[in-house]
Amino acid sequence: MEIEALYTIKLNCAYCSEEYKTSRVRPSLKKAVRTDSDFCCYYKHENPDYYVVRICPNCGFASTEHSTDKLNDAQRAQFAEKIGSRWEKRDYGGERTWKNALETYKLALLCAQVIGEKERVIASLLHHIAWLYRYEAMETEELRFLTFSLESYIKVYELEGVGGNNAKLLYLIGELHRRTGNFHEAVRWFSRVINDKSVTDTAMIRASREQWGVLREQMVANNMGLPDEMRELS
């Protein structure tokens with residue numbers, strides 16, 4: 001007997017407090033068949049990324065598990081004015097198509113921007129939207145949202161600085177610079193992961209070294225001069 005890929009959970013809306021249902025992919029089926037260098041995953045079965053965003057059908061408040069779960073008065077007023085007052089009731093609680101998933105992410109992004117959500121949440125939403133466009137080989141839109149997410153990740157870095165747990169953030173900034181064609185900036189960020197003694201995340205150090213090699217090949221192929229640190233570490 002084939003198990004259902006989806007199951008439902010109940011949530012209470014952070015804005016209107018109404019209970020609603022949303023779907024999730026069963027953990028046993030969340031096995032990626034491959035993963036890109038910026039952590040975009042591809043799945044044999046239902047794509048769990050389609051179900052990251054939860055949307056209250058009553059008021060339209062969209063969030064993820066990393067979003068704030070309590071809104072202050074100013075946030076409530078902003079949401080009510082910009083989104084809640086215009087919401088036409090619809091339910092995203094069941095199975096989602098690619099188009100449905102894109103709609104949910106864009107609504108979550110809008111909600112996050114309107115209420116002044118944490119920059120990490122906004123960066124992640126932008127990055128996921130880029131992945132959705134990648135799934136459909138829509139390169140122009142993918143590149144546009146990779147650029148937006150890169151700018152947002154840099155804001156996260158500027159707000160939080162670098163610590164032992166931020167190696168993944170440094171790596172991602174380097175990788176998104178590489179993917180958007182900013183090769184010299186990519187060198188700078190990858191070298192931080194490789195050379196900063198406070199970075200102890202061996203997986204991210206290894207990933208940075210691997211992408212360093214990919215980046216070097218790209219720069220040579222494009223007849224670009226290699227920066228000093230790349231000559232030293234190559």
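Is strand E2 (residues 19–25) mostly covered or mostly exposed, and how many of its 7 residues are buried? I went to E2 before anything else, keeping in mind that this is a predicted model. The strand turns out to be mostly covered, with 5 of the 7 residues buried.

**Entry: the hairpin**

Next I looked up what E2 pairs with. Strand E1 (residues 6–12) runs antiparallel to E2, and I count 7 bridges for the pair. I followed one of these bridges from the E1 side: Leu6 has Val25 in E2 as its partner. Between the two strands of this hairpin sit 6 residues, and Ser17 has a positive phi there, near 70°.

**Entry: the whole chain**

Then I stepped back to the overall layout. I have 8 helices and 6 strands down for this protein. What order do the elements run in from the N terminus? The strands come as β-β-β-β-β-β, and then the helices follow as α-α-α-α-α-α-α-α. So much for the order; on to the dimensions. Along the principal axes, the C-alpha atoms fill a box of roughly 60 × 50 × 35 Å. Of the 234 residues, 48% count as buried. I also checked how far along the chain the contacts reach. Taking contacts between residues at least 6 apart in sequence, I find that 59% join residues at least 24 apart.

**Entry: the largest pocket**

I wanted to know where there is open space. For the largest pocket I noted a volume of about 840 Å³. Its lining is made of 29 residues, and the closest to the pocket centre are Val52, His66, Ser124, His128 and Trp131. Which elements supply at least two lining residues each? My list reads E2, strand E4 (41–43), helix H3 (119–135) and helix H5 (167–179). That brings E2 back into the notes, as the strand with 5 of 7 residues buried. H3 gives the most to this lining, 7 residues. Sorted by class, I get 14 nonpolar, 7 polar and 8 charged residues around the pocket.

**Entry: the cavity**

After the open space, the closed space. Searching the whole structure for cavities of 30 Å³ or more, I get 1. The volume of the largest cavity is about 60 Å³. Which helix gives the most to the lining of this cavity? I find helix H2 in that role, with 4 residues. H2 covers residues 98–115, and strand E6 (62–63) and H3 also supply at least two residues each. H3 therefore needs two mentions in my notes, and I keep them apart: it supplies residues to the lining of the largest pocket, and it supplies residues to the lining of the largest cavity. The lining residues I wrote down include Phe61, Ala62, Ser63, Ala108, Cys111, Ile115, Val121 and Leu125. By class, the cavity lining has 8 nonpolar, 3 polar and 1 charged residues.

**Entry: the repeat in the record**

I looked in UniProt as well. An unreviewed entry there lists residues 167–200 as "repeat: TPR". In the model, this span is 76% helix and 0% strand. Its end C-alpha atoms lie 8 Å apart.

**Entry: positive phi in the helical part**

Ser17 had a positive phi in the hairpin, and I looked for others in the loops. Ala137 is not a glycine, yet its phi is positive, about 55°. Where is Ala137 found? It is in the loop between H3 and helix H4 (139–160). I count Ala137 as exposed because its relative accessible area is 60%, and the cut-off for exposed is over 50%.

Asn223, another residue other than glycine, has a phi near 55°. I place Asn223 in the loop between helix H7 (202–221) and helix H8 (228–233). Asn223 comes out as exposed, with a relative accessibility of 73%.

**Entry: Asn222**

Is Asn222 exposed or partly exposed? I located Asn222 in the loop between H7 and H8. At 47% relative accessibility it counts as partly exposed, because that class lies between the 20% and 50% cut-offs. Last, I took the distance from Asn222 to Leu169, C-alpha to C-alpha. The two are 27 Å apart in space and 53 residues apart in sequence.

Terms used:
Residues are numbered from 1 along each chain as its sequence is written. This is a predicted model: local features need pLDDT of at least 70, side-chain atom pairs count only at pLDDT 80 or more; totals for chains, interfaces and linings use all residues. Side-chain values use heavy atoms; hydrogens and water are left out. Buried means under 20% relative accessible area, exposed over 50%, partly exposed in between (1.4 Å probe, protein chains only). Two strands pair if DSSP finds at least two bridges between them. UniProt positions are given in the numbering used here, feature names are shortened, and annotations may be inferred rather than shown by experiment. On a 1 Å grid over the protein atoms alone, a cavity is a set of points where a 1.4 Å probe fits but cannot get out, and a pocket is an open set with protein on both sides within 12 Å along at least five of seven lines; lining residues have an atom within 4 Å of a point. Grid points are joined across faces, edges and corners, and a volume is the space filled by probe spheres set on the points. Ala, Val, Leu, Ile, Met, Phe, Trp, Tyr, Cys and Pro count as nonpolar, Asp, Glu, Lys and Arg as charged, and the others, Gly among them, as polar. Contact means heavy atoms within 4.5 Å.
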